[in-house]
Amino acid sequence: MNGVAYNFAYLDEQTKRMIRRAILKAIAIPGYQVPFAAREMPMPYGWGTGGVQVTAAIIGPNDRLKVIDQGADDTTNAVSIRAFFRKVTNVAVTTHTGDATIIQTRHRIPEQPLAAGQILVYQVPIPEPLRFLEPRETETRVMHGLEDYGLMHVKLYEDIAHHGRIATAYAYPVKVADRYVMDPSPIPKFDNPKMHMSPALQLFGAGREKRIYAVPPYTEVKSLDFEDHPFEIQTFDQPCALCGARNVYLDEVILDDRGGRMFVCSDTDGCDSRRPTTNDQPEARS
Amino acid sequence: MYVAVKGGEAAIDHAHRLLADRRRGDRTVPAITEAQITEQLSLAVDRVMAEASLYDPGLAALAIRQARGDMIEAIFILRAYRTTLPRFGSSQPLDTRHMRIERRISATYKDLPGGQLLGPTFDYTHRLIDPDLVGDPEVPEPARRDGGLDNIARVADILDGESLIETEADADIVPGDITREPSEFPMSRPERLQSLARGDEGFLLALAYSTQRGYGRSHPFVGEIRIGLAEVEIDVPELGVAVTLGEVRITECQMVNQFKGTADKPPQFTRGYGLVFGQSERKAMAMSLCDRALRAAEYGEEIVAPAQDEEFVISHCDNVQATGFVEHLKLPHYVDFQAELGLVRRLRTAWEERGVLLEDDDSEAPLGEAAQ
């Protein structure tokens with residue numbers, strides 16, 4: 001397609017306006033899923049098209065973009081999305097959490113606390129927290145409308161009855177601003193507390209499901225629980241084998257076929273910043 | 001020192017280079033051209049245009065080549081291009097009565113005005129693989145006849161004259177556009193038909209088949225299938241007249257279905273409608289069966305089968321969405337897997353501790369009870 005010129009950030013301006021209107025509505029009603037006319041993007045559905053559209057709608061020439069997948073800047077899909085934005089916007093990209101104005105993420109929230117003015121864009125596969133309890137959209141929309149979340153509490157209760165604890169380790173449902181139950185996207189529940197009263201704006205884009213939702217800065221985000229079974233996050237017995245950090249989320253890396261394993265930071269930027277030498281950093285941190 | 005097993009830009013570049021190599025294949029074999037694809041694999045081009053919702057045979061052929069013949073990948077490439085195109089306006093409704101017909105058959109009448117025209121069909125070929133096609137054998141020109149095939153009454157209009165089939169009046173509404181507006185359930189029929197028209201041929205075929213096997217039976221008859229070239233007209237307000245933009249090849253299927261009637265409505269036939277770009281009877285017929293099945297609520301029919309379930313059918317008929325989401329499972333999920341791993345380990349520890357307790361209980365159980 002020689003001679004085909006794309007607009008800044010790929011999407012045409014009308015589409016960006018449409019997405020921005022959806023974002024504004026989402027910010028005005030924290031946790032509420034706003035339908036939007038998601039476009040086909042040049043990457044597959046399920047690979048971050050919702051997040052990419054949100055980022056494309058909000059990014060400007062002066063932004064600095066960071067893209068992570070599983071907490072890492074150098075996973076293939078993060079590399080691919082970062083390369084896409086570099087190509088269609090020519091904006092500066094960074095791997096440093098503190099330097100970024102927009103961070104697009106899949107499955108993690110950076111360990112370094114976010115600051116006011118930063119925007120975290122989540123890629124969302126299934127925006128509806130009630131979907132696996134009730135497959136019909138017509139039903140779940142009514143349930144949200146009536147604030148009828150009994151089904152979710154029953155599910156959590158049944159977990160406790162069967163397993164002695166709530167058996168949801170990621171995509172752990174939260175209640176936003178004491179109104180809407182929201183899917184935080186498949187982040188580990190370890191990250192849930194970072195959403196609460198965050199100074200950063202949190203935007204969620206689901207392309208295939210055509211939904212955008214948001215958590216405005218300084219908004220209450222409460223992980224669902226019971227008085228006698230309070231919400232708790234994952235803990236790790238050992239520190240990161242590379243940087244020694246504790247109280248961070250770790251990936252388990254298999255070293256051999258004899259059960260050898262090590263635990264290392266999932267957040268590569270956080271890990272790198274705590275290590276004195278940079279020789280053994282993975283490639284391509286542009 | 002351990003280096004994370006993570007892909008970088010170099011890995012992606014190499015993968016793309018290898019892909020380009022495999023796409024080209026043996027360099028001693030001449031490269032296939034887009035013209036060869038549009039001319040000789042035209043039904044593949046038609047399918048890509050139909051499910052990408054973009055009528056452009058040249059680009060569809062290029063997409064097929066780029067996708068190495070993977071149809072859904074080609075559909076995806078063409079759709080991603082389509083979505084960036086500006087929208088100038090909407091055409092007038094296609095007038096299929098006045099399309100230039102290449103094929104037209106009816107299963108409801110032995111003969112009818114305009115006749116049965118078989119056209120370029122596989123229907124009565126014997127599916128014997130043909131070694132004579134190897135190479136480039138001489139192919140005789142087709143028999144031709146002049147004109148007279150651009151004003152043939154539609155079977156549905158014939159039935160309509162007797163009021164035996166439900167009337168489909170011009171609703172005088174501007175239909176929604178599923179590619180520009182978020183759709184909500186329940187959908188309007190125009191939006192539903194748009195979704196079905198770009199829906200996956202295989203998925204709709206299977207659903208249509210299921211209605212024939214008792215899962216939402218609708219007693220269908222092929223009122224008519226017509227394939228040919230229809231003019232696309234657009235209103236130009238500055239000129240005050242409709243201007244013809246060109247012709248598109250389409251396949252239209254009018255399915256005639258039985259309906260027993262209700263207290264309000266006399267018994268009459270109902271319709272299922274299919275319309276797709278290019279020549280694809282299978283898709284048009286499957287679409288019309290699904291359309292009729294999805295109208296169950298309109299006729300007060302009990303919704304018991306998957307093909308009648310609008311949310312189920314419409315949410316899952318798009319192959320670009322489906323393939324993306326299914327294939328996204330190959331993206332890394334190790335953060336979530338780590339969370340599950342930790343959870344399963346804790347649950348196992350708890351389970352084993354319970355097991356130990358139970359064994360202790362057993363050993364301390366009074367003999368009397370054991371004897372019982």
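**Exercise 1. Which residues does A:Ile23 touch, not counting residues up to four places away in sequence?**

Solution. Keep in mind that this is a predicted model.
- Step 1: leave out residues up to four places away from A:Ile23 in sequence.
- Step 2: read off the contacts that remain, which are A:Val54, A:Ala57, A:Leu203, A:Ile212 and A:Ala214.

**Exercise 2. Place A:Ile23 in the nonpolar core, then find where that core lies.**

Solution.
- Step 1: the largest nonpolar core has 118 residues. A:Ile23 is among those with the most contacts inside it, along with B:Val48, B:Leu78 and B:Cys290.
- Step 2: look for the top contributor to this core, and you land on helix 9 of chain B, with eight residues.
- Step 3: check the domains. Domain 1 (9-82) and domain 2 (100-131 + 148-317) of chain B both hand residues to this core, so it sits between them.
- Step 4: don't miss the second, separate core of nine residues, which includes A:Cys240, A:Tyr249, A:Cys265 and A:Cys271.

**Exercise 3. Work out the surroundings of strand 5 of chain A.**

Solution.
- Step 1: start with burial. Strand 5 spans residues 119-123 of chain A, and five of its five residues are buried.
- Step 2: sort the side chains by direction. A:Ile119, A:Val121 and A:Gln123 point one way, while A:Leu120 and A:Tyr122 point the other way.
- Step 3: find the partner strands. Strand 4 (residues 102-106) of chain A runs parallel to strand 5 and is joined to it by four bridges. Strand 8 (residues 201-206) of chain A also pairs with strand 5 in the parallel sense, over five bridges.
- Step 4: pick out a bridge for each pairing. A:Tyr122 is the bridge partner of A:Thr105, and A:Gln202 in strand 8 is the bridge partner of A:Leu120.

**Exercise 4. Describe the overall build of chain B: spread out or compact?**

Solution.
- Step 1: tally the secondary structure of chain B, which comes to 13 helices and four strands.
- Step 2: compare sizes. The radius of gyration of chain B is 28 Å, well over the 21 Å that the globule rule gives for 372 residues, so the chain is more spread out than a compact globule.
- Step 3: box it in. Along the principal axes, the C-alpha atoms of chain B fill roughly 100 × 70 × 55 Å.
- Step 4: check the packing. Of the 372 residues, 29% count as buried. Among contacts in chain B with a separation of 6 or more, 64% come from residues 24 or more positions apart.

**Exercise 5. What covers the buried residues of helix 7 and helix 11 of chain B?**

Solution.
- Step 1: list the buried part of helix 7 (residues 189-197) of chain B: B:Arg192, B:Leu193, B:Gln194, B:Ser195, B:Leu196 and B:Ala197.
- Step 2: find their cover, which includes helix 3, helix 8, strand 4 (268-277), helix 9 (281-294) and helix 10 (310-316) of chain B.
- Step 3: repeat for helix 11 (residues 319-327) of chain B, where B:Asn319, B:Val320, B:Gln321 and B:Gly324 are buried. Their cover includes helix 3 (42-52), helix 5 (71-82) and helix 8 (201-212) of chain B.

**Exercise 6. Dissect the contact between chain A and chain B.**

Solution.
- Step 1: count both sides. Chain B puts in 43 residues and chain A 50 residues.
- Step 2: locate the chain B side. Helix 1 (9-24), helix 5, helix 11 and helix 12 (334-363) of chain B each supply at least two residues. Helix 12 gives the most, with eleven residues.
- Step 3: split the chain B side by class, giving 23 nonpolar, ten polar and ten charged residues.

Methods: Residues numbered from 1 in each chain as written. Chains lettered and ligands numbered in written order. Predicted model: local features only at pLDDT ≥ 70, side-chain atom pairs only at ≥ 80, totals over all residues. Buried ≥ 20, exposed ≤ 12 C-beta atoms within 10 Å, placed from the backbone. Pairing = 2+ DSSP bridges. Contact = placed C-beta atoms within 7 Å. Nonpolar A, V, L, I, M, F, W, Y, C, P; charged D, E, K, R; others polar. Rg over C-alpha atoms; globule rule 2.2 N^0.38 Å. Core = buried A, V, L, I, M, F, W, Y, C linked by C-beta atoms within 7 Å. Domains from an automatic or database assignment.
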